[in-house]
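Please look through the sequence and the structure shown below, and then follow the report one part at a time.

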Amino acid sequence: MTLQLDQRAREAVIHGPPRKLMDGAAPTLMENIAQRVAEAPGGLIRSFQADGTLREETFADVWRRSGDIAARLRSLDVGPRSQTVLLLRDLLDFVPCFWASLRVGATPIPFTGVAHAATAEELKNLVARLERPAVIADAPTPDLDRLAALLPDAPMLRLSSLSGKGDEGEYQELDGDEPDIVCLLPTSGSTGTVKLVMLDRRAMLLRNFSQNYSTASLNANVMNVFPFEGISGLSAVFLRYASLTQLHPRILTARALAVFEAIERFAISRVYMTNSMAARLVEEAGSEASNFDLSLVKIVGLGGETVTRLVATRFAALLRRSGAGDVLLAGYGSTETGSMLAGADPSVCPLDEAGAPNLGGPAAGISIRIIGDDGSTLGEGEAGHVEAFAPHTLFAGYWKEPELSRDCMTADGWYKTGDLGAINDGGFSFRGRAKQVLVVGGRKFSLDEIDACLQSHADIGRQTVSFVFRDSADATDGLGVAVAIPEGEALDSVSTDAIRRALVRRYGLAPAVVTPVRSGEWPLTATGKVDRRALAERAAKAGVRLDGEIARRAPDSVDEDILASLWREALNLGRGFSPNDHKFSEVGDDFGRDDNFFDCGGESLRAAALLISVDKQFKRQFALREFFALPTFNNLLRLVEGASSAAADEQKTSAWPLPQDFRRHFLSYVEGWTGERVSVDRLMFGANRQGSLPPIFCVVNAEYEFANLAAALGPEQPVYAFRSLYFVPDCDEDLIQALALRYVKDLEQVHPDGPLFLLAHCDGCKIALPMAQHLLRRDREVPLLILLEWVTEPASYPGEVLLLYGRDSTYNPKFAAFNPEPAWRRMFGEVSRGEFDGEHDVFFQDTGSLAGELTQRCAEALDRTRPSTPLKECPFELSVAQTPRRAQPGARLRLEVRVKNVGKAPIGAEHANLRLGALWTSDGAIHGLRFIEAAPLPAIAPGAVSVISACVHVPEDKGNYELALDLFEERGRSLTGLGVGPARAKVKVTHRATRMHDFLRSCFRPEKQTVATGL
């Protein structure tokens, strides 16, 4: 096989060789099956019944039975566009009924497992989607009764009613048109909701009759341990073997070694099973003295679930002891795509950094790529979401679920598998289902990866399966671990401690529950996989905790030994040297009470994990910053002993409160980000901090956005970053405002004055807009608020806004059906729009164009004189040459006002919104702010003077007044008040004097008044 690897910056994309039909293949499935029956009429299908009895038939016998069944279906008016619901428990009934359905043009639906496992509501919803269904059953069962009640008008065929004498020729010409959809295969995937996967003729032909498969398989004696209703077991209907042996699940449950006995008896050369079955075989073979001759075995395929190194290694050793060679082969695939890998030996193949086997390159006609949470293609070695491009073997969608069918595909035709994986050196390693994930403290843990970690740990030495555990006493999710225990043994503390140590050292996570499972008692799903949900339900009912006792409440007092164990787990400490040996105490000999947590190898993620463990153990909470202030064991003990509900009360009364769980969630999410932590609670990151330009504060979705942008902007541009609410559910307005205030506080700690820029990407705009509003209320200078790919809810902001969009982004307004600019002008004081190279999110991979646009726009904004210049930054002196002592009510006084700029920056200019104002007061009562008829304050350089001719309106009522003149700042219709030291003068408001000389004598003052002012 030739393997191609994308060389574009070592992206995690790999391609398999071409795939095409084998030479001489017929255009339909049934024609190819008929050819195979004709070539090997004596081929055998064997099926062991639940009681251990064997039933077998030749290919020719099965074909004749399919003719009988097809004839009966036609008599029931089952034909093209019909669907046959197969309630069949035996492979030797399933195969002929599947063939018969296709022979009459109907689409078969394997339904036994679904009918048994589904709830009444689930079964009702599923049946409602069927069209022209007919039921084929092998015997009366409660499942058949349930289905018959939901399909009272559906034709029903019971196999027991057939005579067994075929009336059709052995290889009769097929007289019906084979349906385009040749099977609707139930699958639940990661959603837990049953879906019907549409498999069309072309995909099934290329999956089962491709020239890429060796013809040697046609001579192989095969054993399938997978249920025949799944995609792996379904291969039985295509006869790509000389014989096939199927064991009943009850036999496997009662005694796994029946697999080896059947291999010996029938000279089996190829076996296919799950990792769990392999683990059971290792377990049972180790406890029995029986020897098996497995020398004829050539391939043992493992699949259907995560394959772990420890199980593979031990199973390979068992096979070799029994005469087989290096025969293990693990692959990867799905119902929707078929097999996607050529496969590799999981016992010897390389392991990736997570301990998952590298299973080799893609199968023929398959391409695989790894995608990040933001939709970008990751690089080699990075774990992410698995997408497959399988144009030849891909399913046709989910039956009657168009939205689901559309959502599982990307715009460029890749299938979203719902799995996690990584690509290394051109090979793929499976990391588990994306939704088989435990979330603790905001951190995500793959259960499959945890299984691989535990089963590869030498100190454990047992099969383990992890699950998400939740009991009634603790509403938060925790990690549960089930451990295989041989009959007669108990779960000892040695195994429990080994599991705990392995998990804490690898993940900083301690299990909440460790529960034993006896051999043969593992709960299995319908497809033969270990049922994690059933394990969780067992553990919750039993109430078994880590120590094997019934779950109990946390102690009222703090146990130092327990707290010390949590400290050790967080630091992965063994019993050895401490940085401060002279401080050893009775707590332990591996750390000192006053050792600094961070000097001993700790970091914020471990600290957060430690406090989460403390919270779960002692039900005590306190602020993370209190521990960071003095990160020692003694201080932790003091904090835990003193913590109570007061911590929560303190959190509620804080000026910028963040809920404890929410803050820790944020902290754990961003702990892996690069950059210098520059805030007390470590939620803000900095780069290029020594640069001379005004800083840019960013609210971004992911770490690489901040890191790449900071690198592209260069060392002269300081950049700080906060995390957005991307992927944070249930973020209401209160939480948004609290986070915005928290970020503003952090911002002002590192940049208390001077201009700054705010930048936000996508979901970050939801936080940046209220941040800008709060900064404006604090009279901070924000020359430009920059919103990249703004798609969040609109909010008003009176400052200057720049909207930037990727030139090829689907969010770019130029591709919209309407013009958003009128709305922008209503919401923002000033608004402009710009473009840069790239698509949505992709532009952060190459930020050169974006960085260039930002550099230019920020420089232009700084060059412009800022509107609404804060008066506290503009000290000035006001003086009036002459102020009248008397004035008539309602008169207009003409004044010459002298303004001197005594600050260090220019003030005024036409767009600065600075105006002269007059305030009249009488006996302490304010008579209102009076507008002054005067031109706007001109631009005044530092030290310069400007004289303004102004006209002041006198109050209408007579009396003694004080007139105060000052500059004020006008923002729209609101006035922000007068200065603290305006020019003041006493004025008597009265009617005209009776004698001209009295008027002339009292009208003017000779002296000049000068007053320093400014807020």
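## A four-stranded parallel sheet

In this predicted model, four strands form an open sheet in the order β6-β5-β7-β8, and their pairing is parallel. The strands β6 (107–110) and β8 (156–158) stand at the edges with a single partner strand each, so one side of each has no neighbour in the sheet. Neighbouring strands of this sheet are turned against each other by 20° on average, if direction is ignored.

Within the sheet, β5 (residues 83–87) is joined to β7 (residues 133–137) by five bridges in the parallel sense, and V85 has V135 of β7 as its bridge partner. As general background, strands of a sheet pair through backbone hydrogen bonds, in either a parallel or an antiparallel way.

## Helices α3 and α5

Helix α3 (residues 91–103) lies across β5, β6 and β7, and it runs at about 175° to β5.

Which residues of helix α5 (residues 120–128) are buried? They are L123, L126 and V127. Seen down the axis of α5, these buried residues fall within an arc of 95°, so they line one face of the helix.

## The enclosed strand β32

Strand β32 (residues 719–723) has five of its five residues buried, so it is largely enclosed by the rest of the structure. In a regular strand, side chains alternate between the two faces of the sheet. Both faces of β32 are covered, with V719, A721 and R723 buried on one side and Y720 and F722 buried on the other.

Strand β32 pairs with β30 (residues 685–687) in the antiparallel sense over three bridges, where A687 has V719 as its bridge partner. Strand β31 (residues 696–700), in turn, runs parallel to β32 and is joined to it by five bridges, with V700 standing opposite R723. From β31 the chain crosses through helix α22 (residues 703–713) to β32, and this β-α-β crossover is right-handed.

## A buried asparagine in a loop

N812 is found in the loop between β35 (797–806) and α25 (821–827). Is N812 buried or exposed? Its relative accessible area is 2%, which is under the 20% limit that defines a buried residue, so N812 counts as buried.

The side chain of N812 reaches the backbone oxygen of G806 at 3.1 Å, and it also makes a polar contact with the side chain of E835 at 3.0 Å. Leaving aside residues up to four places away in sequence, N812 touches Y805, G806, R807 and E835.

Note on methods. Residues numbered from 1 in each chain as written. Predicted model: local features only at pLDDT ≥ 70, side-chain atom pairs only at ≥ 80, totals over all residues. Heavy atoms only, no water. Buried < 20%, exposed > 50% of the residue type's maximum accessible area, 1.4 Å probe, protein only. Helix = DSSP H or I, 4+ residues; strand = E, 2+ residues; numbered from the N terminus. Arc of directions from axis to C-beta. Pairing = 2+ DSSP bridges. Axes fitted to C-alpha atoms, helices over the stretch in contact; angles between N-to-C directions. Contact = heavy atoms within 4.5 Å. Right-handed = clockwise from strand over helix to strand, strands pointing away. Polar contact = N/O pair within 3.5 Å; in protein donor to acceptor, adjacent residues only side chain to side chain.
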